[in-house]
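Q: I am new to this structure and would like a close look at one part of it, beginning with a single loop residue and then moving out to the helices and the pocket around it. Could you take me through it step by step?

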Amino acid sequence: MSTPEQGSALERVRGLAREIAKFGAVGGLGVLVNLGVFNLIRHTTDLQVVRASVIATAVAILTNYMGFRYFTYRDRARAGKSRELPLFMAFSLIGLVIENGVLYAATYGLGWDGRLATNLFKFIGIGTATVFRFWSYRTWVFKALPTHAGAGPDGSRGGHGRPADSPEPAPEPAGK
């Protein structure tokens, strides 16, 4: 039997599925931004592959922060910009190294630097870094708010739509 604080296994799986879907929506937009900026830089400048990729990743990181904070994790604890933003940037920079490390290895280690190859390995790098980012953002940056005893999965009590931290209404007098 599950406890109210943890919810049933099915509720937790559903919550995780919703979180993954929202993360995927924001991340999908970030991938489009990342690949779009990368290809724009590659085809309009003489900048080297990995440098163009780092710039594109940085632009996507800024786009993603807005989406994660105000869409995916809008219901999560706000640690304040003094903690949340530096953590987000630190984990994003690690993801940037993972993502561009894959591209670097393919381009300079294997000599695969054609348009299709660079886009393929850029995409593989994004995918690899995404697994790390999902774990780190949900674990360290956008922490889940604790649920209170008796609260449902939506934070309400007894299906009345009240937040778990709101006071119970006073009972009505008898005879009314």
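A: A good place to begin is Arg74, which is found in the loop between H2 and H3; please keep in mind throughout that this is a predicted model. Not counting residues up to four places away in sequence, Arg74 touches Lys22, Phe68 and Arg69. The C-alpha atom of Arg74 is also separated by 8.8 Å from that of Phe142, although the two residues are 68 residues apart along the chain.

To place this loop in the whole, it helps to know that the chain has 4 helices and 0 strands, and that, read along the sequence, it follows the pattern α-α-α-α. The chain has 176 residues, of which 35% count as buried. Among contacts between residues at least 6 apart in sequence, 67% join residues at least 24 apart.

Phe68, one of the residues touched by Arg74, also belongs to the contact of H2 with H4, in which Val49, Ser53, Ala56, Thr57 and Phe68 in H2 meet Thr118, Lys122, Arg133 and Tyr137 in H4. By class, this contact has 4 nonpolar, 3 polar and 2 charged residues. The axes of H2 and H4 come within 12 Å and cross at roughly 40 degrees, and the crossing is right-handed.

Another residue that lies in helix H2 is Met66, which is classed as partly exposed because its relative accessible area is 49%. The C-alpha atom of Met66 is separated by 9.0 Å from that of Val26, and these two residues are 40 residues apart along the chain.

Helix H4 also packs with H1, at an angle of about 145 degrees and with the axes 10 Å apart, and the crossing of H1 and H4 is right-handed. From H1, the residues that take part include Leu16, Phe23, Leu35 and His43, while those from H4 include Arg115, Phe123, Ile126, Thr130 and Tyr137. The residues of this contact divide into 10 nonpolar, 6 polar and 5 charged. Thr118, Lys122, Arg133 and Tyr137 of H4 are listed in the contact with H2, and Thr118, Lys122, Arg133 and Tyr137 are listed in the contact with H1 as well.

These helices lead to the second largest pocket, which has a volume of about 190 Å³. It is lined by 16 residues, and the closest to its centre are Gly27, Asn64, Ile126, Thr130 and Arg133. Helix H1 (9-44), helix H2 (49-72) and helix H4 (115-141) each supply at least two residues of the lining, with the largest share, 6 residues, coming from H1. The lining divides into 7 nonpolar, 7 polar and 2 charged residues. Ile126, Thr130 and Arg133, named among the residues closest to the centre of the pocket, are also on the H4 side of the contact with H1.

Finally, the loop that holds Arg74 lies between H2 and H3, and Thr107 has its place in helix H3 (residues 81-109). Thr107 is buried because its relative accessible area, 7%, is under 20%. Leaving aside neighbours within four places in sequence, Thr107 is in contact with Val49, Trp112, Asp113 and Thr118. Val49 and Thr118 appear again in the contact of H2 with H4, Val49 in H2 and Thr118 in H4.

Key
Residues are numbered from 1 along each chain as its sequence is written. This is a predicted model: local features need pLDDT of at least 70, side-chain atom pairs count only at pLDDT 80 or more; totals for chains, interfaces and linings use all residues. Side-chain values use heavy atoms; hydrogens and water are left out. On a 1 Å grid over the protein atoms alone, a cavity is a set of points where a 1.4 Å probe fits but cannot get out, and a pocket is an open set with protein on both sides within 12 Å along at least five of seven lines; lining residues have an atom within 4 Å of a point. Grid points are joined across faces, edges and corners, and a volume is the space filled by probe spheres set on the points. Ala, Val, Leu, Ile, Met, Phe, Trp, Tyr, Cys and Pro count as nonpolar, Asp, Glu, Lys and Arg as charged, and the others, Gly among them, as polar. Axes are lines fitted to C-alpha atoms, for helices over the stretch in contact, and angles run from 0 to 180 degrees between N-to-C directions. A crossing is left-handed if the near helix is turned anticlockwise from the far one by less than a right angle, and right-handed if clockwise. Contact means heavy atoms within 4.5 Å. Buried means under 20% relative accessible area, exposed over 50%, partly exposed in between (1.4 Å probe, protein chains only).
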